[in-house]
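Q: I'd like a close look at just one part of this protein, the largest pocket. Could you walk me through it and then show me how it fits with what surrounds it?

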Amino acid sequence: MFTLKEAREYFAKDTYATETTGIAIDEIGEGYAKVSCTLDRRHLNARGAVMGGMMFTMADFAFAVASNCGGRVVVSLQNQISYFSAPKGERLFAEARCVKDGRSTCFYQVDIFDDTGRKAAASVISGFVVGERKE
């Protein structure tokens, strides 16, 4: 299992999530991760609301961190997201929790919410275990 520092170092290679969008890893645990992002104009759509793709990226990244912090390499098989309401706060969070962890597949629930506590979206993600991590 990665430490938080090791997870941050490893996932720094995911430059789209960490550099382009500014997502940070806040917490990790067995089958769990919480990531966050301070929202700014690059995260907004033409209407001035948080872009759905930003919330999708956060869900996907939270899943990646949660499912890959153990000894296995996991890739996404399917990701479905439902949007509930536009975030209103200044920060956005995605919290991934393992629902089922099998030999070759896994299933995660990811909740996306803002710093006011408003639940903006939820994603369900299935993953495929590619193999063991070799680091």
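How do the residues of the lining of the largest pocket divide into nonpolar, polar and charged?

A: Sure, and keep in mind that this is a predicted model. The lining divides into seven nonpolar, six polar and three charged residues. Together that makes a lining of 16 residues, and the space in the largest pocket comes to about 180 Å³. How do you find a space like that? Rolling a probe the size of a water molecule over the atoms shows where empty space is left.

Now go to the middle of the pocket. The residues that lie nearest its centre are Glu-30, Ser-67, Gly-70, Asp-101 and Tyr-108. Next, look at which elements build the wall: helix H3 (52-68), S3, S4 and strand S5 (105-114) each give two or more residues to the lining. H3 provides the largest share, with three residues.

Let's stay with Asp-101 for a moment, since we met Asp-101 by the pocket centre. Asp-101 also forms a salt bridge with Arg-72, and their closest N and O atoms are 2.2 Å apart. This pair ties together distant parts of the chain: Asp-101 sits in strand S4 (residues 91-101) and Arg-72 in strand S3 (residues 72-83), 29 residues apart. Is Asp-101 buried or exposed? Neither, really: its relative accessible area is 44%, so Asp-101 counts as partly exposed.

That salt bridge belongs to a set of five in the structure. Another one joins Asp-111 to Lys-119, with the closest N and O atoms 3.0 Å apart. Here the two partners sit in unlike surroundings: Asp-111 has 18% relative accessibility, and buried means under 20%, so Asp-111 counts as buried. Lys-119, at 40%, is partly exposed. Arg-42 and Asp-40 make one more bridge, also with 3.0 Å between the closest N and O atoms. Arg-42 is partly exposed at 47%, and Asp-40 is partly exposed at 32%.

Finally, zoom out. The protein has three helices and six strands, and along the sequence they follow the pattern α-α-β-β-α-β-β-β-β. Its radius of gyration is 14 Å, close to the 14 Å that the globule rule gives for 135 residues, so the protein is as compact as a globular protein of that length. The C-alpha trace spans about 45 × 25 × 20 Å along its principal axes, and 46% of the 135 residues count as buried. Among contacts with a separation of 6 or more, 61% are between residues 24 or more positions apart. The Asp-101 and Arg-72 pair, 29 residues apart, links distant parts of the chain too.

Terms used:
Residues are numbered from 1 along each chain as its sequence is written. This is a predicted model: local features need pLDDT of at least 70, side-chain atom pairs count only at pLDDT 80 or more; totals for chains, interfaces and linings use all residues. Side-chain values use heavy atoms; hydrogens and water are left out. A salt bridge is a side-chain nitrogen of Lys or Arg within 4 Å of a carboxyl oxygen of Asp or Glu. Buried means under 20% relative accessible area, exposed over 50%, partly exposed in between (1.4 Å probe, protein chains only). Helices (H or I, at least four residues) and strands (E, at least two) are DSSP runs, numbered from the N terminus. On a 1 Å grid over the protein atoms alone, a cavity is a set of points where a 1.4 Å probe fits but cannot get out, and a pocket is an open set with protein on both sides within 12 Å along at least five of seven lines; lining residues have an atom within 4 Å of a point. Grid points are joined across faces, edges and corners, and a volume is the space filled by probe spheres set on the points. Ala, Val, Leu, Ile, Met, Phe, Trp, Tyr, Cys and Pro count as nonpolar, Asp, Glu, Lys and Arg as charged, and the others, Gly among them, as polar. The radius of gyration is taken over C-alpha atoms; the globule rule is 2.2 Å times the number of residues to the power 0.38. Contact means heavy atoms within 4.5 Å.
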